[in-house]
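User: I am new to this structure and would like a close look at a single part of it. Please keep the explanation plain.

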Amino acid sequence: MSLPVSGHPFSRRQWLSRTGGGVGSVALAWLLKQEGLLATSERLEAHHYDLIPKRPVAQPKARAMISMFMQGGPSHIDLFDPKPELDKLDGKNFPGEVKYDDAAGASREVMASPWKFRKHGQCGMELSELLPHLANVVDDITLIRSMHTGVNNHGQSIYALENGRATGGRPTLGSWLTYGLGSENQDLPAYVALTDPRGVPVLGVENWTNGWLPSLYQGTVVRSKEPRILNLDAPMSLKGEAQDRYLNFLGKLNHQHLAQRPGESDLEARIQSFELAARMQTAAKEALDISQESEATKKLYGLDDPATQEFGARCLIARRLVERGVRFVSVFTANQTWDHHQSILTGLPTAIKQVDKPSTALIIDLKARGLLDSTVVHWGGEMGRLPVIQNRAGSSGRAKVGRDHNTYGFSQWVAGGGFRGGYVHGATDEFGHKAVENIVNHYDWHATLFELFGLNPKKLTYKRNGTDQVLIENPEARVVSELLV
């Protein structure tokens, strides 16, 4: 049947609206594949975009990544980076320069960590007593104590770590990886964002945006409560055979519409997003159903404890997704969970208890399933905290004090996917304020990840306004080979 593109009694958009389905609930489950339009890696140059797996330019060590993003800034000097000098100076004035973010609440009074550190594992890695579960797997992780962005507020530092520059509107790391490598499962999103039920992180969708890459590479939000993906089910009037006929007819319309508009990458990407939505109706429900897991696995992730249940469930879902071929999963904590400007003595133990056991479980579970070697597991935030007191309130002592932002030296840990185990990298100064040894800037971090995924950051480009855009713009970016096996 030949369908005219003009002279309709109503437009394509009006037809979709009148049928009650709308473009958000339809898909082309077979269109592009049937017509031979699915791209190979070589066809990226022809501006054809898809999620078909692509061969990296070098042999990769990693195929997937799970990033647990602790937004707000976990205090590295209370968790990962012991500083005996602070014990000596506790309560005294800081002897050097301090780079405050909030000068109004600032002080120069040094506060030593109130929590004890001790060595763990064969590697002898020192961790705070607040991390009893991570202490059991230190021989599997790399602890980086010399992270640096140098942009001393949440938004700018989040941007730097997520998209490579301290400004918004750019594609995130997950978008770049799925753009360059596609996905190993065509029935699930390549890039998933697992959000916290207490609220979305600072900057909202900017944390998983595709920026100016085609919309196909945006992160798909999976909620912490049912329904985990909104609008996934077809309405009753379209279930079963009715939906098949509906999609078949719509496929013809969209095929003709696309064929008459060659080179319309946004249109093509949107069509593919609809196609994926149809396939997800079955695949996503199965992948997100943690009731299928054993009781031992649920207990490993802390699903039997109200303090760890919610974050544990999302970590378990992250494992199920990468197990099924999803390329990149971000697990977020809520807005400012770790931003302890005050009450750090109670706020930090509460925050770390929620995530220590589940994040450790990811390492144990992936390793047991033979997936850790090919999956990067990342834990960290956009900053650390300062070694001095903030917001001392009168005569109340230290009960309600906190620590200000510090992006000049902070910690994160990684495991699997080609990273070394049982290794501590870099150092901050004796106060934990500034990274001074083997510094890892945000662009070095991205270059190292690209190396593990077999990608060349100079060749993975996207042409925008006549200019080749890249994730890593700083010419001094280096692969931190010391971190790698």
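User: Which residue just after helix 11 takes a positive phi? Please describe helix 11 and its surroundings as well.

Analyst: That residue is G370, with a positive phi of about 75 degrees. This is a predicted model, in which local features need pLDDT of at least 70 and side-chain atom pairs count only at pLDDT 80 or more, while totals for chains, interfaces and linings use all residues. Residues are numbered from 1 along each chain as its sequence is written, and side-chain values use heavy atoms, leaving out hydrogens and water.

The chain has 12 helices and 19 strands; these are DSSP runs numbered from the N terminus, with helices (H or I) of at least four residues and strands (E) of at least two. Helix 11 covers residues 344-368, and its end C-alpha atoms are 35 Å apart, which agrees with the 36 Å that its 25 residues should span at 1.5 Å a residue. The expected span is 1.5 Å times one less than the number of residues. Helix 11 has a kink of about 30 degrees at D356, shortly before the proline P358. The bend is the angle between axes fitted to the seven residues ending at a residue and the seven starting there.

The largest nonpolar core has 59 residues, and helix 11 gives the most to this core, with 9 residues. Such a core is a set of buried (under 20% relative accessible area, 1.4 Å probe, protein chains only) Ala, Val, Leu, Ile, Met, Phe, Trp, Tyr and Cys residues joined through side-chain atoms within 4.5 Å. M68, W379 and W413 have the most contacts inside the core. Not counting residues up to four places away in sequence, W413 touches residues including S359, I363, M68 and W379, where contact means heavy atoms within 4.5 Å.

Methods. Buried < 20%, exposed > 50% of the residue type's maximum accessible area, 1.4 Å probe, protein only.
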